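Open the model in your viewer and keep the selection tool at hand. The stops below say what to select next and what is there.

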Amino acid sequence: MSKTFTRAEVAKHNTEDSLWCIIDHRVYDLTDFLDAHPGGSVVLAQVAGKDATTDFYNLHRQEVIEKYRDQLCIGTIEGETPEVISPEPGSLSTVPYAEPLWLRPEFKSPYYKESHRRLQQAMRVFTDRYVTPEAQEKERDGTYISQELIDKMAEENVLAMRLGPGKHLHGRKLLGGVVDGKEFDYLHDMIVAQEMVRSNARGFQDGNMAGMVISLTAVQQWLRNAPLREKVTEEVLSGRKKMCLAITEAFAGSDVAGLKTTATKTPDGKHYIVNGTKKWITNGMFADYFVTGCRTEKGFTVLLIPRGEGVETKQIKTSYSTAAATAFVQFENVKVPVENLLGEEHKGFIVIMSNFNHERFTMVCAVIRMCMTVTEECMKWCNQRIVFGKKLIEQPVMRQKYFLLSPWLASENDMLLTVGARLARMISLCESNQAWLESIAYQMCNMTYAQQAAHLGGPIGLLKSHATRSAQEIADHATNIFGGRGITQTGMGRVIEMFHRTYKFDAILGGTEEILADLGVRQAMKKFPKAML
């Protein structure tokens with residue numbers, strides 16, 4: 001049974017030889033922790049024998065005290081009960097606007113069935129228990145995803161679910177059977193994507209098999225060689241092999257037509273000889289297969305290239321963690337069987353363009369959910385941080401320039417802006433983007449792959465462009481709210497710092513904001529009714 005102490009007893013332990021304090025009605029003996037405290041011994045001496053609850057939570061989150069509780073906690077205050085709740089793995093946040101509206105108990109949604117709720121709960125538990133601990137470790141040291149985690153995701157068919165709905169899920173037991181593979185739709189797909197990013201590690205987020213998500217889908221839809229298609233799918237979904245999408249070059253990013261990597265047929269017509277380079281290829285460092293865009297005699301062709309002789313990869317360091325395994329890839333006289341062709345020769349543009357929809361959809365799912373997490377962090381901080389004797393949320397207005405409307409539409413206005421106004425803007429962007437995303441996911445559930453390619457390229461492009469512009473604004477507000485902590489990679493502001501440093505990846509990968517905004521408008525204008533001229 002835990003010991004109890006009076007506050008008077010704790011007050012007597014106020015020296016370096018015996019230093020106790022109170023945090024959330026619990027008593028901690030910090031005597032042997034003085035030299036080990038990351039913030040130094042002086043801070044602890046200042047709270048010796050006192051109730052340090054306000055001071056502690058002005059600097060730390062609950063997770064910090066949980067880390068040391070077993071080691072340092074010696075009892076509780078007599079007649080008092082701890083108040084701060086420690087969330088269990090899989091639990092929903094009770095912070096307002098921290099969860100999508102459909103997960104808040106007081107609201108309803110027409111989109112979701114019981115299977116969606118079961119999957120959300122199971123994915124959150126899986127992420128909390130297995131993904132997040134490794135994600136944080138790999139984000140720090142920059143090493144690649146472990147085979148153990150890949151095997152665990154393969155065992156629970158998380159890898160298979162990340163490709164979206166399809167026959168590859170039929171007959172599979174998804175996370176212990178929480179949803180039938182034939183029932184799995186794009187709302188389930190959205191849930192998987194949004195739950196996995198809660199590990200809050202942007203480099204590892206892409207390092208966690210993102211290359212597979214954007215390349216195996218193309219193999220499934222366009223590789224006509226059925227035995228090879230089934231072989232590769234089984235190898236990758238079992239975790240034995242990894243793959244990536246290799247389109248971007250130093251010469252061509254969003255401009256796919258500018259590719260210089262060539263694929264030339266051998267005289268006997270049985271092979272292609274591939275020469276060229278690819279750059280910024282996610283998961284390229286550990287990929288076994290490369291779905292590669294090449295220039296052929298009469299157009300653009302996509303090939304499945306196994307790692308082998310003539311394929312060389314070199315690591316590229318970017319602003320997020322090297323856990324993403326971003327690579328420069330060189331193909332030098334690589335011999336590829338013609339059976340590895342995706343779609344038709346010289347007509348590979350349709351392969352890549354149609355594949356972009358799901359890639360951009362999953363990216364949108366992730367960045368919107370990450371924006372919610374950042375907003376939640378700010379809500380917690382504003383309610384926790386004490387400045388000039390008051391909570392941050394209670395502070396008077398701060399004078400600054402602020403864009404009331406979207407930055408590219410509004411003129412610059414001098415306004416009195418409260419912390420509450422910043423939070424209101426962040427919440428509004430998160431809620432509107434999530435609602436738009438769910439609407440598109442519902443349309444995807446009711447369209448064939450061909451119909452999605454025909455009708456949703458523009459809307460998904462516009463949503464991605466808007467979501468990443470929203471992320472930029474949210475990152476800016478969040479950093480200002482957190483101040484110095486918002487630019488520090490450890491401690492209270494680490495999620496904010498990470499987001500502010502990495503949100504641009506979503507704005508660039510899969511098509512830049514400007515390109516996608518233009519795509520959305522051009523597709524709309526193609527359908528403009530002549531009768532309205």
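A residue counts as buried under 20% relative accessible area, as exposed over 50%, and as partly exposed in between. The model is predicted.

**Stop 1: two cysteines**

Select Cys 73. Its relative accessible area is 25%, so Cys 73 is partly exposed. Now add Cys 21, which is buried, with a relative accessibility of 1%. Which cysteine sulfur is closest to that of Cys 21? The sulfur in Cys 73 is, but at 10.0 Å the two are too far apart for a bond. Searching the whole structure gives zero disulfides.

**Stop 2: the five-stranded sheet**

Next, show the strands β1 to β5 as a cartoon. They make an open sheet with mixed pairing, in the order β1-β5-β4-β3-β2. At the edges are β1 (3–5) and β2 (14–15), each of which pairs on one side only. Select β2 together with β3 (residues 18–23): two bridges join them in the antiparallel sense. Across from Thr 15 is Ser 18 in β3.

Add helix α4 (residues 62–72). This helix lies across β3, β4 (26–29) and β5 (73–77). Its direction is at about 70 degrees to β4.

Then select residues 2–78. An unreviewed UniProt entry lists this span as "domain: Cytochrome b5 heme-binding". The span is 34% helix and 26% strand, and its end C-alpha atoms lie 11 Å apart.

**Stop 3: a loop residue**

Move on to Glu 183. Where does Glu 183 lie? It is in the loop between β7 (179–180) and α8 (186–196). Glu 183 is partly exposed, with a relative accessible area of 33%. Leaving aside neighbours within four places in sequence, its contacts are Lys 113, Ser 115 and His 188. To relate this stop to the first one, draw a distance from Glu 183 to Cys 21: the C-alpha atoms are 54 Å apart in space, and the residues are 162 apart in sequence.

**Stop 4: a hairpin and its next partner**

Select β9 (residues 262–265) and β10 (residues 271–281). The two strands run antiparallel and are joined by four bridges. Thr 262 has Asn 275 in β10 as its bridge partner. Five residues sit between the strands of this hairpin, and Gly 269 takes a positive phi near 75 degrees there.

Keep β10 and add β14 (residues 327–337). How many bridges join β10 to β14? There are eight, and this pair is antiparallel. Val 274 is bridged to Val 334 in β14.

**Stop 5: the nonpolar cores**

Nonpolar side chains tend to be buried together in soluble globular proteins. The largest nonpolar core here has 105 residues. Select Leu 119, Met 161, Met 212, Met 243 and Leu 304, the members that touch the most others. Show helix α13 (residues 349–384) as well: with 16 residues, α13 gives this core its largest share. A second, separate core has 18 residues, including Val 274, Ala 287, Phe 290 and Ile 305.

End on Leu 304 and display what surrounds it. Beyond neighbours within four places in sequence, the contacts of Leu 304 include Val 219, Leu 223, Leu 228, Val 232 and Met 243. Also among them are Tyr 289, Phe 290, Val 291, Val 336, Asn 340 and Leu 342. Leu 304 is thus in contact with Phe 290, a member of the second core.

Definitions and conventions:
Residues are numbered from 1 along each chain as its sequence is written. This is a predicted model: local features need pLDDT of at least 70, side-chain atom pairs count only at pLDDT 80 or more; totals for chains, interfaces and linings use all residues. Side-chain values use heavy atoms; hydrogens and water are left out. Two strands pair if DSSP finds at least two bridges between them. A nonpolar core is a set of buried Ala, Val, Leu, Ile, Met, Phe, Trp, Tyr and Cys residues joined through side-chain atoms within 4.5 Å. Buried means under 20% relative accessible area, exposed over 50%, partly exposed in between (1.4 Å probe, protein chains only). Contact means heavy atoms within 4.5 Å. Axes are lines fitted to C-alpha atoms, for helices over the stretch in contact, and angles run from 0 to 180 degrees between N-to-C directions. UniProt positions are given in the numbering used here, feature names are shortened, and annotations may be inferred rather than shown by experiment. A disulfide is a pair of cysteine sulfur atoms within 2.5 Å.
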